[in-house]
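Q: I'd like a close look at one part of this protein, the buried interior and the strands and helices around it. Could you walk me through it?

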Amino acid sequence: MQTHSQHWQRTLQRVGQRVADSSDYQLSGRITRATGLVLEAVGLKIPLGSGCRIEVATRGRDSERFAEAEVVGFSGDKLFLMPLAELSGLAPGARVFPMGSGSRAGARRFPLGPSLLGRVVDGSGAPLDGGPALHDSPHDTLLTPSVNPLRRTPIHDRIDVGIRAINGLLSVGRGQRMGLFAGSGVGKSVLLGMMARYTSADVIVVGLIGERGREVQDFIDNILGEDGRRRAVVVAAPADTSPLQRLQGAAYATRLAEDFRDAGRNVLLIMDSLTRYAMAQREIALAIGEPPATKGYPPSVFAKLPSLVERAGNGERGGGSITAFYTVLTEGDDQQDPIADAARAILDGHIVLSRQLAEAGHYPAIDIEASISRAMHALVTPAQWQQAQQFKQLFSRYQRNRDLISVGAYTPGHDPQLDQAVMLYPKVEAFLQQSIHEQADIAGAHAAMQSLLGQGAPS
């Protein structure tokens, strides 16, 4: 009996040694369905947001190639996957391997830090500018704990954006989040580039989300310029990338800004555009079966917007800040577009660009009547606030009577305020216009406005 027991012990030891010497086993599932943007897989139990590798066919039989995807939903034992790039060579029953524990956003795989200044990267942190890889940069996750709103530094310091109309009439504070509402082709990219070049912020983070590839190159070379690029990081996720890459690009740009803010820097975050971010989330949500709610946008879109925007702003007291400008595309210049309406509710102010002004050659085409900075009253002196209100009243009075003036029905002497508005309007219009190569600081903007209003004061 002892000999038999020893025999089985030796046998078990040999089997155990063979198992120990063999390579680690790897869990895998398989693709059962591919419809549109979404792939269905079975055989795996991994959480939402986790990354996967999908085996795809290649021309050479001995080589293997894998495509990355992310778990975006599940139903029973089925996982819904969305690839990060366009798939080719996918076959029925293709194997799916998990990419480790945790979510893609929770993996420490995104480069951060000052070494990214002057660089152009994609939504995963891979260089697009032909420069060296960023392996030596510190890497971290996209997930960060939210800042306690009671511990944030209040908005009380102004930031110079170099635009006369904004500095004088729509003052922006450090840590404020502003929306730039515009249709296509009215000069929003040029205005953003001017801010990036002329701002007093320490670091600029630009997220180009869902833009045409040509516009990405044009923005970097011609609009941002060499001076702006030296202290900027550009994250580009163009329109031809997957919806996941566009979402990830916006989150990564925000994460970069948070990293600089936590290091005590004052950051200007430019996101172009918030609407394309929402559209990417709509594509994903509709693909996995979420019902549309408002003009084709599922409810998850309106939950994603504040979770992204609230990450910007001032840090804890004594720390840095993120002043953010988010562009919002208004379809057909409709200011009641659902994304525009949602963005207006969660931002700290909005700057509206007018197509009518742009078509008249008025740049930047800022509609000061429709624009507002909600933090301005806490940033300027009572005298500066009064000047800004007086300036807007003059502009508004002239606009309301523009038709009468153009047809010759206006007669001086009946309305002193209208007379003043008509007299000063050419200088008012000149104050609001600014060339792309002109920089206007805060002091200069207020001095110019004070001089203008003083000329129209009654003697």
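What percentage of the 459 residues of the protein count as buried?

A: Happy to take you through it. Please keep in mind that this is a predicted model. Of its 459 residues, 49% count as buried. The protein has 13 helices and 17 strands, and its C-alpha trace spans about 120 × 45 × 40 Å along the principal axes. If you take the contacts between residues at least 6 apart in sequence, 72% of them join residues at least 24 apart.

Let's begin with the cores. In soluble globular proteins, nonpolar side chains tend to be buried together. Here the largest nonpolar core has 59 residues, and those touching the most other members are Ile166, Leu169, Phe325, Ile351, Ile366, Phe391 and Leu432. Domain 2 (109-378) and domain 3 (383-454) both contribute residues to this core, so it lies between the two. Phe391 is a good residue to click on: leaving aside residues up to four places away in sequence, Phe391 touches Leu169, Ile368, Val428, Phe431, Leu432, Met449, Leu452 and Leu453. A second core, separate from the largest one, has 50 residues, including Leu116, Val121, Val203 and Val301.

Some of those names come up again in the strands and helices, so let's turn to strand β13. This strand covers residues 266-272, and 6 of its 7 residues are buried, so β13 is largely enclosed by the rest of the structure. One of its partners is strand β11 (residues 203-209), which pairs with β13 in the parallel sense over 6 bridges. In that pairing, Leu208 has Asp272 of β13 as its bridge partner. Another partner is strand β15 (residues 321-329), which runs parallel to β13 and is joined to it by 6 bridges. There, Asn266 stands opposite Ser321 of β15.

Follow the chain out of β13 and you meet an unusual peptide bond. Most residues other than glycine have a negative phi, and most peptide bonds are trans. The bond from Asp272 to Ser273, however, is cis, with omega near 10°. Ser273 sits in the loop between β13 and α6 (274-287). The loop between α6 and α7 holds Lys295, whose phi is near 50°, a positive value in a residue other than glycine. Lys295 is exposed, with a relative accessible area of 59%.

Next comes a pair of helices. Helix α7 (residues 299-309) and helix α8 (residues 338-346) have axes that come within 10 Å and cross at roughly 35°, and the crossing is right-handed. From α7, the contact involves Val301, Phe302, Leu305, Pro306 and Val309, and from α8 it involves Pro338, Ile339, Ala342 and Ile346. Val301, you may recall, is also a member of the second core.

Strand β16 (residues 349-352) takes us back to the largest core. Gly349 and Ile351 point one way from this strand, His350 and Val352 point the other way, and all are buried. Ile351 is among the residues that touch the most other members of the largest core. On one pairing, β16 runs parallel to strand β10 (residues 177-182) and is joined to it by 3 bridges, with Phe181 opposite Val352. On another, β16 pairs with β17 in the antiparallel sense over 2 bridges, and His350 has Ile372 of β17 as its bridge partner. In the loop between α9 (355-359) and β17 (372-373) you will find Pro364. The peptide bond leading from Tyr363 to Pro364 is also cis, with omega near -10°.

Finally, have a look at the barrel. It is closed by 6 strands in the order β1-β2-β5-β4-β3-β6, with antiparallel pairing, and the twist from one strand to the next averages 45°. Strand β1 (residues 29-35) and strand β6 (residues 95-98) run antiparallel and are joined by 2 bridges. At this pairing, Arg30 stands opposite Arg95 in β6.

To put the interior together: the largest core lies between domain 2 and domain 3, as both give residues to it, the second core is separate from it, and strand β13 is largely enclosed by the rest of the structure.

Methods
Residues numbered from 1 in each chain as written. Predicted model: local features only at pLDDT ≥ 70, side-chain atom pairs only at ≥ 80, totals over all residues. Heavy atoms only, no water. Core = buried A, V, L, I, M, F, W, Y, C linked by side-chain atoms within 4.5 Å. Buried < 20%, exposed > 50% of the residue type's maximum accessible area, 1.4 Å probe, protein only. Domains from an automatic or database assignment. Contact = heavy atoms within 4.5 Å. Pairing = 2+ DSSP bridges. Helix = DSSP H or I, 4+ residues; strand = E, 2+ residues; numbered from the N terminus. Axes fitted to C-alpha atoms, helices over the stretch in contact; angles between N-to-C directions. Left-handed = near helix turned anticlockwise from the far one by under 90°.
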